[in-house]
Amino acid sequence: MAYRWKNKLSRTDITPKSAYLNRRQILAGTVGLGAIGLAGGAQAQDGLEPNTLEEIRSYNNFYEFGTGKEDPALNAHKLDTSNWIVKVDGLVDNPGDYVMDDLFAGLSVEDRLYRFRCVEAWSMVVPWNGIELADILNKVGVQSSAKYVAFETVVQPENMIGVQRRVLDFPYVEGLRLDEAMHPLTIMATGIYDEPLAKQNGAPMRLVVPWKYGFKSIKSIVRITLTDEEPPISWNKANRREYGFYSNVNPTVDHPRWSQASERVIGGGLFASRQDTLMFNGYPEVASLYEGMDLSVDF
Ligand code: MTE
């Protein structure tokens with residue numbers, strides 16, 4: 001599937017001029033972004049070349065809309081994002097059903113150029129716009145007994161062919177330990193290249209945790225729950241031997257069915273290029289979160 005997609009199009013074919021120009025601007029802007037204070041993250045941004053908007057919108061995983069890489073772009077237009085309500089519940093001071101504007105009011109949207117590494121061993125570089133998840137959690141008031149954050153994707157069976165076909169146990173659910181959720185690299189993305197998220201990318205709001213495999217970055221979120229128990233996550237429920245709760249990018253721990261030592265770079269020209277996968281996807285500042293843990297056991 002992936003190679004068919006690659007052979008069909010070359011990079012110049014699929015790069016609209018506007019996206020290309022925008023890409024140059026973002027590249028130029030990365031120098032300025034270096035000042036935002038995330039030492040390692042900012043360094044990691046230097047020299048990163050973002051994928052085009054076209055690439056980011058045409059090669060996706062969003063199983064609610066089918067299992068093929070092209071299916072989300074074909075089918076996600078059916079997602080109804082009007083009147084989006086996010087339920088915030090569990091161990092919080094201010095639980096409630098929030099409209100997005102209220103949840104994000106007063107919080108700043110930041111530009112983050114991040115590597116994105118799928119557990120299937122392909123990668124992209126994405127210029128996200130988003131809000132630090134910590135800002136959102138601080139706003140709703142996390143209670144001291146909370147240890148984890150659970151997330152849930154919307155289910156619209158009539159609009160979602162993958163839900164009709166039960167390709168996974170929906171709703172898609174994910175979770176983070178609270179310290180992971182509060183880490184400044186973790187964002188709730190609302191846009192890419194300063195445009196609102198495309199539906200296939202998880203409109204109107206999706207998680208981005210750049211040091212973890214892409215499946216942790218849950219899309220089209222309608223519920224955020226603070227809890228004191230490790231929450232279930234979709235891919236672990238589907239196959240607990242292959243997908244762990246943490247799922248930190250780790251080139252030394254292979255997937256049972258393939259190596260994680262390297263990755264195929266999406267958009268690397270007619271012939272997809274490979275590069276070595278970096279520990280924590282190249283974000284070493286998160287290593288202290290896992291001190292004392294055996295990451296081959298807690299994978
Ligand atoms: N979120 C939901 N709700 N459903 C999904 O199938 N797929 C995950 C993640 N979030 C998925 C999801 C996987 S496996 C990946 S790699 C990323 O979304 C892909 O994000 P992208 O399509 O924006 O690149």
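The following exercises, with worked solutions, concern the ligand site and selected residues of a predicted model.

The model is predicted, so local features need pLDDT of at least 70 and side-chain atom pairs count only at pLDDT 80 or more, while totals for chains, interfaces and linings use all residues. Residues are numbered from 1 along each chain as its sequence is written, and side-chain values use heavy atoms, with hydrogens and water left out.

**Exercise 1. The ligand shell**

Determine how many residues surround the ligand and how they divide by character.

Solution.
Step 1. A residue is near a molecule if one of its heavy atoms lies within 4 Å of it. The ligand is surrounded by 16 residues, and the closest are Asn 60, Tyr 63, Glu 64, Thr 153 and Lys 219.
Step 2. For the classes, Ala, Val, Leu, Ile, Met, Phe, Trp, Tyr, Cys and Pro count as nonpolar, Asp, Glu, Lys and Arg as charged, and the others, Gly among them, as polar. The shell then comprises seven nonpolar, six polar and three charged residues.

**Exercise 2. Polar pairs and burial of the ligand**

Identify side chains that pair with nitrogen or oxygen atoms of the ligand, and state what share of the ligand area the protein buries.

Solution.
Step 1. A polar contact is a pair of N or O atoms within 3.5 Å; within protein, one must be able to donate a hydrogen and the other to accept it, and residues adjacent in sequence count only if both atoms are side-chain atoms.
Step 2. For Glu 64, a side-chain N or O atom is 2.8 Å from a nitrogen atom of the ligand. For Thr 153, the corresponding distance to a ligand nitrogen atom is 2.9 Å. An oxygen atom of the ligand lies 3.0 Å from a polar side-chain atom of Asn 201.
Step 3. With accessible areas from the Shrake-Rupley method and a 1.4 Å probe, the ligand taken alone exposes 530 Å², of which the protein buries 97%.

**Exercise 3. Two glutamates in strands**

Classify Glu 195 and Glu 263 as buried, partly exposed or exposed, and describe their surroundings.

Solution.
Step 1. Strands (E, at least two residues) and helices (H or I, at least four) are DSSP runs, numbered from the N terminus. Glu 195 belongs to strand 8 (residues 195-196), whereas Glu 263 belongs to strand 11 (residues 262-265).
Step 2. Buried means under 20% relative accessible area, exposed over 50%, and partly exposed in between (1.4 Å probe, protein chains only). Glu 195 counts as partly exposed because its relative accessibility is 35%; Glu 263 counts as buried because its value is 2%.
Step 3. The C-alpha atom of Glu 195 is separated by 9.6 Å from that of Leu 53, although the two residues are 142 apart along the chain. The side chain of Glu 263 makes polar contacts with the side chains of Arg 117 (2.9 Å) and Thr 277 (2.6 Å).

**Exercise 4. Backbone geometry**

Locate the cis peptide bonds that precede Pro 171 and Pro 204, and the positive phi angles of Ser 247 and Phe 280.

Solution.
Step 1. The bond from Phe 170 to Pro 171 is cis, with omega near 5 degrees; Pro 171 lies in the loop between helix 8 (161-164) and strand 6 (173-177).
Step 2. The bond from Ala 203 to Pro 204 is also cis, with omega near -5 degrees, and Pro 204 occupies the loop between strand 8 and strand 9 (206-208).
Step 3. Ser 247, which is not a glycine, has a positive phi of about 50 degrees. Ser 247 is in the loop between helix 10 (234-238) and strand 11 and is buried, at 5% relative accessible area.
Step 4. Phe 280, not a glycine either, has a positive phi of about 50 degrees. Phe 280 is in the segment after strand 12 (273-276) and is buried, at 6%.
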